[in-house]
Amino acid sequence: MSRTDLGMPAFPRAAERATRDQRLRGNLRHATHTIRAKRATAVAELDDWQRLRAAGAAVKNRTLRHLDHYLLQAEAAVTEAGGTVHWAADAAEANRIVAGLVKRTGEREVVKVKSMATQETGLNAALEAEGIRAYETDLAELIVQLGHDRPSHILVPAIHRNRGEIRDIFRREMAAWGRPAPEALGDDPAELAEAARLHLREKFLRAKVGVSGANFLVAETGTLVVLESEGNGRMCLTLPDTLISVVGIEKIVPTWRDLEVFLQLLPRSSTAERMNPYTTTWTGTTDGDGPRAFHLVLLDNGRTDALADTVGRQALRCIRCSACLNVCPVYERAGGHAYGSAYPGPIGAILTPQLRGVTDPLDASLPYASSLCGACYEVCPVAIDIPEVLVHLRERVVEGGRVTRHGARVTIKPAKGHAAERAAMRAARWTFDHPRALRAGERLASRTRRLHPSRLRVLPGPARAWSDSRDLPAVPPEPFRDWWARHRAAKGERE
Amino acid sequence: MRVALFITCVNDALFPGTGRATVTLLERLGVQVDFPAGQSCCGQIQYNTGYRHETEPLLRRFARVFAPYEYVVTPSGSCAAMVRENYPRLGERAVAEGRGGELAELAAEAVPKVRELTEFLVDVLGVTDVGAYFPHSVAYHPTCHSLRVLRVGDRPLRLLRAVEGLELRELAGAQECCGFGGTFAVKNAAVSSAMGADKVADAVATGAEVLCAADNSCLTHIGGTIARTGRGPRVMHLAEILARTEADAPSRTAEGFRR
Amino acid sequence: MSGGRDVVLGRIRRALADVPAAERPEDVAVPRDYRTTHTDDDPARALDLLAARLADYRARVHRCGEQEIPRRVAELLAERGSRAVVVPGGLPSAWLSRAEGVEVVTDDPGLTHARLDGVRSVVTGCALAIAETGTLVLDASPDQGSRRISLIPDHHVCVVRAPAQVVASVPLALPRLDPARPLTWISGPSATSDIELDRVEGVHGPRVLDVIIATTDG
């Protein structure tokens, strides 16, 4: 994944910082609560939502279990329609392919539609190193690029910025990238959108190369599908002479008909609309309409490692709607940057440790970035049981074991820093499996309760993290089982 | 009908009043309750922290201890959810790992018996008016696992609405997690605390005297936050409200947070 | 290049070792018990729904008989003050017959993007319209032209012929569309939710979308 993400602090520390940023908390709370209510309304309009959800999950399961078959089918169809298909095993290979294709056109700049895959591979930086400038054209990506910032949300990468901050970024930075912001630009969203329209139009009209991702790739027809709102996608997909689309191998759906499921699930889950303003579908190239050259780069970059995990595999069903981010109480307070990858929120917490492994401390901390409240699973349009995968990945962190990394089966060691926890869990299991010892411990705690401090304000060791903000309940005079023994005896006498 | 109470380790050690209330309530409704002493913990905290293998002996114990009973009633949404959702998973994984079907069989026996308290009252006993009297204003926090894993729906609210004298107050953002999440509360203490503070703010805004839930782990978090800040309603397990009758002297339970 | 291909395919096959060799893709069941449509069969109600849903996303809807199209088109162009309009080569010529004093630019590969950027309006037909979602689908047929002409001008007038071109739902739309053609699905004017997840209309695509729903005579 992108280089800027490496060396990030583990999730808890970054999240802790975010919780103290009152403006960030306010921005995220406002945005996520706005979309939550709208999504619920959009979904409630369809009384067959759960059936669509089941169908969506099943279509993706079918695809994943026969991924090689569908990829070969898609490759043949795209080639037949005049496109060229490239395969990239990792981010570096994908970036090399794209840079090479751009260079061959003789161009030094590209316009980009928002694409999670190229965010993941760090394509912009790789192109920059080759002397090629990539212009992001999605409004939120533009805000991020102009602000020298990092995306913090899948759908709305600048969700951490409010209108005032966006106005300041536009005023300050637009001139260095092209057409400056209008004099006296205000913070009305419509005004800000207008400023982006003016700023980007000259770039769209002169661009010779466009770079995109895709929401879906239909295997039987070789058709690519991009859903968007602003029209920047249509600009990038239709005006340039050359179009390069970088698409994760899990984006495949088997048939044209399967789109009837996803074109209902995705807009309502994502922007809470019945349908997003623009969807473009294309198959290879078309004479006299749109790009004359089309390149499809199929990206692995850890996806096959996730595929090899029969529990974690379901994360590859993800259609990047971001509904799970919008309902997540942890995301709402930690913000997207704390997740340290292109994929923040609950889906990021299960995708990143599978795509990158759990050797980096940040990646190993992600499976714990959840209270397991289950709100993400409930809204997921393809029914990914995110809590189940989180717990599964926690096991991988604490126990290590056999996993697939870069396509090879390897055995990983348990992550560092869990020895005390492991010992405590073993001890607890032993105690719980020996009720007499458990009862003795409970009684001891009860009988010594007068010796406990009147308020447990500072606990030792890791428990201190609890006592920093919360009291512990007082130990009662006797455990339940002692009361039960007396109760039963008394009852026996009565009867 | 042979009914066993699964008290859960947290309630046994820290909240025996919830257990006493559950027994009182069930016996008042004519249920013969038994408490098999061999029970201990469902293993939720181990499982959810990634120690699946440490949970397996607890599954075996659970299945063995409760084998003679028709129903296992528990006043904890998350422990009921652990058994119902994750015990079958423990079995499946063991099968997938080539370790045989023993755990899967034990899980299949244990799972259908388990009822969270409000499920047992409404579905098995068929009651919503349990004859309780509690003349106080109360807000109800649904707790995540009751809400989204067990899907208890409005059962707790129906029970509360039937309590004489009780004034139910609506809790804003009720479906949001309180931020407990077991070891999450310690591993991501800052986010957990922020969630807890927001939950308490919503509870305070109801103006209710009591915040209740059917899960003491969540109430430990919410109550611990309230005790620290000194501002907020008293927290109580739902069972303790349902157990109260007009005959009860207005007494406070002995355990809980020192205020 | 072929290196990457072999590597990826090899990894996939190893990753799927748990899938029985005899399993075929269609052995993985896909339940299709969701609805084909959420609307009843009455074509009049589908039309009303289409109009309502288009309007809900800030498209401006105009309903008329087919013979009124030329007058409506002329009014809409005049209203925007359009002095030039781009049209696809196969647009029924009658549609612009009433637009006096408006320069008509015909879609053509020789037309530069910059020239197109100087044209305020575009008039097209469509392949079909989806009532439930308020969506117009253009498939680059002769009466719709290349994709860019309905993109660069700021004002799009799209004519839907009812009831023939109106379907109730997405599942009913897909079988009528040819995936080999480049398709553009349009639901309202361009919009964004990128600022505080609040929807505002009008970014890069046409900021004004006029939809004429023309009912076939007789």
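Select S141(C) to begin: in this predicted model, the residue sits in the loop between β6 (135-138) and β7 (155-162) of chain C, and because its relative accessibility is 17%, S141(C) counts as buried. Display the side chain of D139(C) as well, since the side chain of S141(C) makes a polar contact with the side chain of D139(C) at 2.6 Å.

Stay with the loop between β6 and β7 of chain C and move along to D154(C), whose partner is R207(C): the two form a salt bridge in which the closest N and O atoms are 3.0 Å apart. R207(C) belongs to the loop between β11 (198-201) and β12 (208-215) of chain C, so this pair ties together parts that are 53 residues apart in sequence. Neither end is classed as buried, for R207(C) is partly exposed with a relative accessible area of 30%, and D154(C), at 22%, counts as partly exposed.

Keep R207(C) selected and add E194(A), because this arginine also forms a salt bridge across to chain A, with the closest N and O atoms 2.2 Å apart. From here the view can be widened to the whole interface of chains A and C, where the rule finds 13 salt bridges and where 46 residue pairs are in polar contact, both residues being at pLDDT 80 or more. On the chain A side, select helix α10 (residues 189-206), which supplies eleven residues, the largest share of the side that touches chain C. By class, that side of chain A has 47 nonpolar, 28 polar and 26 charged residues.

In full, 101 residues of chain A are in contact with 77 residues of chain C, and the area buried between these two chains is about 7900 Å², with carbon and sulfur atoms giving 57%. To see which residues of chain A lose the most area to chain C, select R197(A), W256(A) and R274(A), which together account for 9% of what that side buries.

Next, show strand β9 (residues 278-283) of chain A together with strand β9 (residues 183-186) of chain C: the two run antiparallel and are joined by four bridges. Within this pairing, T280(A) stands opposite T184(C).

Turn now to chain B. Of the two pairs of chains in contact, chains A and C share the most contacts, while chains B and C do not touch, their nearest C-alpha atoms being 10 Å apart. Between chains A and B, 72 residues of chain A are in contact with 71 residues of chain B, and the buried area is about 6200 Å², of which carbon and sulfur atoms give 55%. This interface has 16 salt bridges, and the side of chain A that touches chain B divides into 33 nonpolar, 13 polar and 26 charged residues.

For a closer view, select E388(A) with R89(B) and R93(B). E388(A) forms a salt bridge with R89(B), the closest N and O atoms being 3.3 Å apart, and its side chain also meets that of R93(B) in a salt bridge at 2.9 Å, N to O. The latter pair crosses from helix α19 (residues 386-399) of chain A to helix α5 (residues 77-96) of chain B. Are E388(A) and R93(B) buried or exposed? E388(A) counts as buried because its relative accessibility is 15%, and R93(B) likewise counts as buried, at 12%.

As a last stop within chain C, select R71(C) and E68(C), whose side chains meet in a salt bridge at 2.9 Å, N to O. R71(C) is partly exposed, with a relative accessible area of 30%, and E68(C) is also partly exposed, at 24%.

Terms used. Residues numbered from 1 in each chain as written. Chains lettered and ligands numbered in written order. Predicted model: local features only at pLDDT ≥ 70, side-chain atom pairs only at ≥ 80, totals over all residues. Heavy atoms only, no water. Buried < 20%, exposed > 50% of the residue type's maximum accessible area, 1.4 Å probe, protein only. Polar contact = N/O pair within 3.5 Å; in protein donor to acceptor, adjacent residues only side chain to side chain. Contact = heavy atoms within 4.5 Å. Buried area = accessible area lost by both parts, 1.4 Å probe. Salt bridge = Lys/Arg side-chain N within 4 Å of Asp/Glu carboxyl O. Nonpolar A, V, L, I, M, F, W, Y, C, P; charged D, E, K, R; others polar. Pairing = 2+ DSSP bridges.
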